[in-house]
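Biologist: I am new to this structure. Please pick one helix, look at it closely and set it in its chain.

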Amino acid sequence: MPTLTLDSLCKSFGSLRAVDGVSLEIRPGECFGLLGPNGAGKSTTIAMIMGVLRPDSGSVTLEGAGDTSAAQARRAIGLAPQALALYDELSAQENLEFFGRLYGVTGAALNKRVDELLRFVDLHDRRRSRVKTYSGGMKRRLNLAAGLVHDPDILLCDEPTVGVDPQSRNAIFDIVESLKAGGKTVLYTTHYMEEAQRLCDRVAIIDHGRILAIDRVDSLIRDHGGQSEVVFTRRGHTEITERTDEPLATIRTIVAHDDIERLHIRRPSLEAVFLNLTGRTLRD
Amino acid sequence: MNPILAMAKKDLTYLVRDRTGFFFVFAFPVIFAVFFGLIFSGMGGESSGIKVVVVDLDNSEGSKAFAEQLRGSESLRVIPFAEDPDNDLSLTERAARAVRNGTVAAYIQLEPGFGESQASMFQGESATITIGADPSRSAESGMLEGIVAEKAYSEMSRMFSDPDLMRDQSRKALESVRANASPAVRMVMVPFLSSLDQFADGLESLESEGDDSGGGGGGFNPVTINHADVLKDSEHEFSAFELSFPQGLVWGLMSAAFTFGLSFVIERTRGTLLRLRIAPVPTGAILAGKSLACFTLLVALSSAMLAFGAVAFDVRPDSVAHLAMAIVAIGCCWVGVMMLIAVSGKTEAAVGGIGWAILMLMAMIGGGMIPRPFMPSWMETVGVISPVRWSLQALEGALWRGYSTTEMLTPCAVLAGIGLLGFLCGARLFDWSAAE
């Protein structure tokens, strides 16, 4: 399993600096989250990783394959783009077979892989139906499968849950978790902090094209999330919120009184991390 | 703002900001109107009559005068045609080739003895004219015969209005009849020709009295019009379907090229171009794959349509090998056109507009709408860039114009050249960055 390294990547569109010195390393077998609001530079970064966009400066290298625009590197990377990239008039099976052939997968190996993938994304029963008859969630799952048809080491998922219902979103989470369990490396871009928190081993917070922080989720929260909040209510009183770095100690102090009606801890989240790093929320 | 007004404002703003859409709504109709206006107004007075060549095999004073009359006709556009010492073909063969190539609608050949026969209208054989018309232009051929006959009659009318000329003619004829004709003919013709002599005297006295009411034509047939078959194979019976199938097929080819050209843009707008772009396949291979699909469709369309024509309407090629050659060349050509359509715009709306505009123009200048012999010369000159023109020529050459292999080479080579150029330009201009 190779390591994907981005070194000081920069890309501008006219006067807009879309990606500004992004450096990161995606380690084999990890699910790496690129978390940022819309327009932060996530998709531009993905396009440069795929070799579709040429960076103004900096480089993207895949260990053992070099530049990611090389054919060998492309075979090692799969993409589930943000926009659905499927042929509506073809069936799921035909779509996967076509994309598989582009990567040189043919014959029995192709049939086997397509069959596996259709089962994996739970579309086997509808494999012969035209994609135009699918729901949004089914299309999203097929879009993911199309990125996996050549069995890449690394899968780039660019906002894979945009516009899908909660049930389909959970199905996509299950797929990504299965990929992680199977040892695949996943780069997952999203502007939903709960997705990053649930799926990713490490997360990079990106805004205005710049990486603000990279770490494990719990470390990011510890370092940038601020204090926890202990929220409690005494009998006959209104709700009280106490900020603390030591929530357990604070709780012990509070419960020493016997008139506590309700009590809970509000731990900081990635939302708070983003707020503390940028001064605004992810959905601004 | 009222929601209806808001909606209208939004849509109008959208239209104005979409430059391509704006062009096709406002500018293209003006260009179209001006273009057709120029064509139908004869481009500043240029004759738009039937295009013919005149072959004067008699080369007498009379034939030259008659040829001059034809040149003066507003209904005809006579293309200069003279002996060429470097060309082994006879004038007639060269004229027939020009008709077969579709350069002219017909040739008008003044046969040897034309002037002599015309000068002795009342004796001997009548002047003979041979018309070799393009069988696909039967309507023009009929018109042409009428125009030629009218010119011949106007010559007779001129004679009847000129007492000296008529007297000279009638006296010559009288001498000839007295010397050579049978008694029965002499009995009929001598009084008639003598009366003509008197008629000429009377006409002269009327003229001297200032009465210019003129004379009229007689009941003679001053000219015999023969028809020549310009096709090499005289056994070939031309049918209207042999004309309509190539025409129909060309429109089918245009539609197929347009559909494939548009599919590139659809790949881009639907995002699948990105998947193609990131696959470990050279971009040239992607374009080649698309082109191969388009070529296969074009060849299949041509073959199916012509096979249907053969079965249902007896549209059979003079040469199957030539037809295969034409179909392959046409396939190459329209693949190139498809590539040019693909790069003509970045949105489906833009390509939809620009693509059809290009195809319409090609059809117009290539003879898909207006027959080539009716085109102003500038338009026919411009038409050499149109694949429609060369496709029609190649198909008709193989189907019924009886082209030799050498004659087939020109349209086929031009078609292949257009295809190659279109493909290279399209591949060069194709914007892969739009797959971002």
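Modeller: What follows starts with the whole chain and then turns to a single helix and its surroundings.

This is a predicted model, in which local features need pLDDT of at least 70 and side-chain atom pairs count only at pLDDT 80 or more, while totals for chains, interfaces and linings use all residues. Residues are numbered from 1 along each chain as its sequence is written, chains are lettered from A and ligands numbered from 1 in the order in which they are written, and side-chain values use heavy atoms, without hydrogens or water.

Take chain A. It has 10 helices and 13 strands. Both are DSSP runs numbered from the N terminus: helices are H or I with at least four residues, strands E with at least two. The C-alpha trace of chain A spans about 75 × 45 × 35 Å along its principal axes. Of its 284 residues, 51% are buried. Buried means under 20% relative accessible area, exposed over 50% and partly exposed in between, with a 1.4 Å probe and protein chains only. Now consider contacts in chain A between residues at least 6 apart in sequence: 66% of them join residues at least 24 apart. A contact means heavy atoms within 4.5 Å.

The close look goes to helix α4 of chain A, residues 107-120. Start with its length. At 1.5 Å a residue, its 14 residues should span 20 Å, and its end C-alpha atoms are 20 Å apart, so the two agree. The expected span is 1.5 Å times one less than the number of residues.

Next, its two sides. Leu110(A), Arg113(A), Val114(A), Leu117(A) and Leu118(A) of α4(A) are buried. These residues cover an arc of only 130° around the axis, which puts them on the same side of α4(A). The arc is taken from the directions between the helix axis and the C-beta atoms. Turn to the other side of α4(A), and Ala108(A), Lys112(A) and Arg119(A) are exposed.

What covers the buried residues? The cover includes α3 (92-102) and α5 (136-148) of chain A.

Look at α3(A) in detail. The axes of α3(A) and α4(A) come within 10 Å and cross at roughly 130°. Axes are lines fitted to C-alpha atoms, for helices over the stretch in contact, and angles run from 0 to 180 degrees between N-to-C directions. The two helices, α3(A) and α4(A), are therefore oblique to each other. Angles under 35 degrees count as roughly parallel, over 145 as roughly antiparallel, 65 to 115 as roughly perpendicular and the rest as oblique. The crossing of α3(A) past α4(A) is right-handed. From α3(A), the contact is made by Ala92(A), Gln93(A), Leu96(A), Glu97(A), Gly100(A) and Arg101(A). From α4(A) come Leu110(A), Asn111(A), Val114(A), Leu117(A) and Leu118(A).

Then follow the chain onward. Just after α4(A), Asp122(A) takes a positive phi of about 60°.

Helix α9 of chain A, residues 247-255, can be read in a similar way. Pro247(A), Thr250(A), Ile251(A) and Ile254(A) are buried there. They cover an arc of only 100° around the axis, which puts them on the same side of α9(A). On the other side of α9(A), Leu248(A), Arg252(A) and Thr253(A) are exposed. The buried residues of α9(A) pack against strands β11 (228-234), β12 (239-244) and β13 (260-266) of chain A.

How values were computed: A crossing is left-handed if the near helix is turned anticlockwise from the far one by less than a right angle, and right-handed if clockwise.
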